Amino acid sequence: MGMRLRKAVETKRNFLINKLINEGIYKKNDIHLFEWTLTDLEEEYVKLSKTKQHEADTGDHPPCMIEHWAIH
């Protein structure tokens, strides 16, 4: 059973790391994602998901610099 659990944890860690990298998150406080615990990865993923959901619900997106450059 130990090998199955280890494989499941590693699979979940890789999934979360790939999701965070796809969103442009590579490290935080100079600590790379691969150094994070599974709990840290899950917490960051949940935080990211909540932020994205809030933006989708409210239409409140962070400003894009390209839009600002085009206006000025």
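**Figure 1. Tyr-45, a partly exposed residue of the predicted model.** Tyr-45 has a relative accessibility of 26% and therefore counts as partly exposed. This residue belongs to helix α2, which spans residues 38-58. The structure shown is a predicted model.

**Figure 2. The aromatic pair of Phe-15 and Tyr-45.** One aromatic pair is found when the whole structure is searched. Its ring centres, those of Phe-15 and Tyr-45, stand 6.3 Å apart, and the ring planes meet at 65°, so the arrangement is edge-to-face. The two partners come from distant parts of the chain, 30 residues apart: Phe-15 sits in helix α1 (residues 2-22) and Tyr-45 in helix α2 (residues 38-58). With a relative accessible area of 42%, Phe-15 is partly exposed; Tyr-45, at 26%, is likewise classed as partly exposed.

**Figure 3. The crossing of helices α1 and α2.** The axes of the two helices, α1 and α2, come within 10 Å and cross at roughly 40°. This angle makes α1 oblique to α2. The crossing in which α1 passes α2 is left-handed.

**Figure 4. Residues that meet where α1 and α2 are in contact.** On the α1 side, the contacting residues are Val-9, Lys-12, Arg-13, Leu-16, Ile-17, Lys-19 and Leu-20. Their counterparts in α2 are Leu-38, Leu-41, Glu-42, Glu-44, Tyr-45 and Leu-48. Tyr-45 thus appears here as well as in the aromatic pair with Phe-15.

**Figure 5. The surroundings of Glu-44.** Glu-44 is located in helix α2. Its relative accessibility is 12%, so Glu-44 counts as buried. Leaving aside residues up to four places away in sequence, Glu-44 touches Leu-20, Ile-25, Lys-28 and Trp-36. One of these, Ile-25, lies 19 residues from Glu-44 along the chain, and the C-alpha atoms of the two are separated by 9.5 Å. Leu-20, another of the residues touched by Glu-44, is among the α1 residues that meet α2.

**Figure 6. The protein as the setting for the close-up views.** The protein contains three helices and two strands, which follow the pattern α-β-β-α-α along the sequence. It has 72 residues, of which 15% count as buried. Among contacts with a separation of 6 or more, 38% are between residues 24 or more positions apart. The exposed area of the protein is about 6,100 Å², and carbon and sulfur atoms supply 58% of this area.

Technical notes
Residues are numbered from 1 along each chain as its sequence is written. This is a predicted model: local features need pLDDT of at least 70, side-chain atom pairs count only at pLDDT 80 or more; totals for chains, interfaces and linings use all residues. Side-chain values use heavy atoms; hydrogens and water are left out. Rings of Phe, Tyr and Trp (its six-membered ring) pair if their centres lie within 6.5 Å; planes under 30 degrees apart count as stacked, over 60 as edge-to-face and the rest as tilted. Helices (H or I, at least four residues) and strands (E, at least two) are DSSP runs, numbered from the N terminus. Buried means under 20% relative accessible area, exposed over 50%, partly exposed in between (1.4 Å probe, protein chains only). Contact means heavy atoms within 4.5 Å. Accessible areas come from the Shrake-Rupley method with a 1.4 Å probe; for residues, only the protein chains shown count as cover. Axes are lines fitted to C-alpha atoms, for helices over the stretch in contact, and angles run from 0 to 180 degrees between N-to-C directions. Angles under 35 degrees count as roughly parallel, over 145 as roughly antiparallel, 65 to 115 as roughly perpendicular and the rest as oblique. A crossing is left-handed if the near helix is turned anticlockwise from the far one by less than a right angle, and right-handed if clockwise.
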